[in-house]
Structures are given as C-alpha cells and as structure tokens.
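Dear colleague,

I am passing this structure on to you, together with a short account of what was found in it. Please look it over before reading the notes below.

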Amino acid sequence: SGSCSLPEYGTFTFPAPVMPKGKKTRSTRRVAPAPYPTSARGSAAARRKPANPLIEKRPRNFGIGGDIQPKRDLSRFVKWPRYVRLQRQRAVLYERLKVPPAINQFTQSLDRQTAKAFFRLAHKYRPETKQQKRDRLKSAAERKAEGQEETPSKKPVVLKYGINHITSLIEQKKAQLVAIAHDVDPIEVVVWVPALCRKMQVPYCIVKGKSRLGQLVHKKTATAVALTSVKPEDRNSLNQLVESVKVNFNDRADEIRKHWGGGIMGSKTKARLSKIEKARQREAAQK
C-alpha cells in the first residue's frame, strides 16, 4: 500500500496491488566467466596481438560488380573448334561401335622400344630435300658447262614413300620392311596394305603418327614408308627389326583377323546396365 498527501484535499491511502497467482519462474543466472582461460583456444585468443587500427580489413567480394573472379578450369565450358569436336566424337564412336578386325588392327601399334629403333634406322635414309636436289642439279649443270665429263653415280639408298609406289614395291617383293601409319584418314587408303604384305610375305608394322613418318621424308604427313635396302653396317639392325616385326604382326595374322574392337560402353550406360542386372538378381533370389 501507499499514501499521497495534497494540501487542498488531505491524505489519500492506496491499497497494495494484488498479483495474479501463477507459476513461479526461475531466474536464469549466468555463470561468471573463469578468471583465466583454461583451453588452448582461449590461451591462443589471449596471446593474439591487438589489431592495428591503421590497417583496414577489406574482405574480397566476388559478387556481381565486385572483385575479379578467381581462375578456374573452364575447359569443360570451352566451345572447341570443329575439328577438335570431330576427332573426339570419332574416338568415342570407335569405342562404342563394334569395329571390324580390318580397321581394329590399326589400334595395335609397334611397341615403344622397337619403334624407337625403327625411327633411328629410318632417319639415316632420309631422301634429299628440295634445296639439296636444286644444289646437286646446279653443280651438275656447271660441270657440264665447263666441259667436264659426267661421272655416273650410284643410285642412293633412301626411304620410299607414296602409297602407289609402296604398293608396287610390295607386289614386286622389293620392300624389305614397310611401316604404316595408324591414324590415316580416310582409313580406306591403307586398310588393305597389311593383307597385301601378308600375302606377299613382306614384313610390315603399324607405327604411331603419320606426321612422324612425314618428317622422315620431308613432308607434313606420310601414309607409309618402306626400306628396300640398307648399307652393310646397318644390315644387322634391319634383321633384328624384321624378326621383331614378323613376330608381332605377320605371324599373328589369324589372331588379328578374328579380333573385333569397340563395344566399350560409357560410364552412364554401365551404371544403368548394372542396376538392371542387380534388380534381375534380386527377383531371382526372391523366387
């Protein structure tokens, strides 16, 4: 209760307010913090140096109109040139579709060590360049103008190239070793050459890269090259190459003829087929 006095009206007494009865609420007291940090985290916070007020913290904002975006690998989103898309699609198709043995044999190329030995040998018998030929003819013309007699020279031992030329060499059995590129396009240009080599019993091999063969004969690309003869000091190297090549290609004719390629499905198709197979196995187990 309370009282209030006014000079004109006297003293007034107010009754004490009556509170409604209800549930008493507990007062939640906060526990006072420990006087010293106990955990390692607290001690690290205590040891942290105070921030320098002169250095303003400016976190980067990568939203629209903010900082430059960090560099990411965007190769998946690149619109590749048409020839890149075509060669990638062709590679996928060669995996998905069933590839007949005549075409599939070009996926089995010469092993690295033997290919290295072949290119080392073939590099010694590169034909002359256009400039070398021009110089040779020029010097011959100068000697002729001076009245000197022409001395007949031996035909040089060089690599033979050109698919028509190599075909005639194989048919005449003059080629001692034939190397065919694995990535000729269209493949129909060379798809019959291995069969012809086997029939005429000419050693042949499939090597990686028409551009590598092209470098040997000073061209951009070459479908195939052939060795007709070598110098006496390289005879042993050629014999070793021929033996290795016969074992890997000529003697495996029946195996190559029966071996189909392709039929390799993608990851999504494999997952779908495995899911169907598991469902079929569950049904069989329930019966």
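Two strands are said to pair here if DSSP finds at least two bridges between them. With that in mind, and remembering throughout that this is a predicted model, strand β5, which covers residues 177-181, is joined to β6 by 4 bridges, and the two run parallel. Within this pair, V178 of the one strand stands opposite Y204 in β6. Both strands belong to an open sheet of 4 strands, whose order is β4-β7-β5-β6 and whose pairing is mixed. The edges of that sheet are formed by β4 (160-161) and β6 (204-207), each of which pairs on one side only. As a general point, the strands of a sheet pair through backbone hydrogen bonds, in either a parallel or an antiparallel manner.

The pockets may interest you more directly. The largest pocket holds about 740 Å³ of space, and of the 21 residues that line this pocket, those closest to its centre are R90, A91, Y94, H182 and D183. Three elements, α2 (82-96), α3 (101-104) and β8 (261-262), each supply at least two residues of the lining of the largest pocket, and the largest share, 7 residues, comes from α2. By class, the lining of the largest pocket divides into 11 nonpolar, 6 polar and 4 charged residues.

The second largest pocket holds about 250 Å³, and its lining consists of R126, P127, E128, R136, K155, P156, V158, L159, K160, Y161 and H165. Of these lining residues, 5 are nonpolar, 1 is polar and 5 are charged.

A last topic is the cysteines. How many disulfides does a search of the whole structure find? The search finds 0. A disulfide is a covalent bond between the sulfur atoms of two cysteines, and the cut-off applied here is that the two sulfur atoms lie within 2.5 Å. For C197, the closest cysteine sulfur is that of C205, and because the distance to this sulfur is 9.5 Å, it is too far away for a bond. C205 is likewise in no disulfide, the nearest cysteine sulfur being that of C197, 9.5 Å away. As for their surroundings, C197 counts as buried because its relative accessibility is 0%, and C205 counts as buried because its relative accessibility is also 0%; the cut-off for buried is a relative accessible area under 20%.

With best regards

Note on methods:
Residues are numbered from 1 along each chain as its sequence is written. This is a predicted model: local features need pLDDT of at least 70, side-chain atom pairs count only at pLDDT 80 or more; totals for chains, interfaces and linings use all residues. Side-chain values use heavy atoms; hydrogens and water are left out. On a 1 Å grid over the protein atoms alone, a cavity is a set of points where a 1.4 Å probe fits but cannot get out, and a pocket is an open set with protein on both sides within 12 Å along at least five of seven lines; lining residues have an atom within 4 Å of a point. Grid points are joined across faces, edges and corners, and a volume is the space filled by probe spheres set on the points. Ala, Val, Leu, Ile, Met, Phe, Trp, Tyr, Cys and Pro count as nonpolar, Asp, Glu, Lys and Arg as charged, and the others, Gly among them, as polar. Buried means under 20% relative accessible area, exposed over 50%, partly exposed in between (1.4 Å probe, protein chains only).
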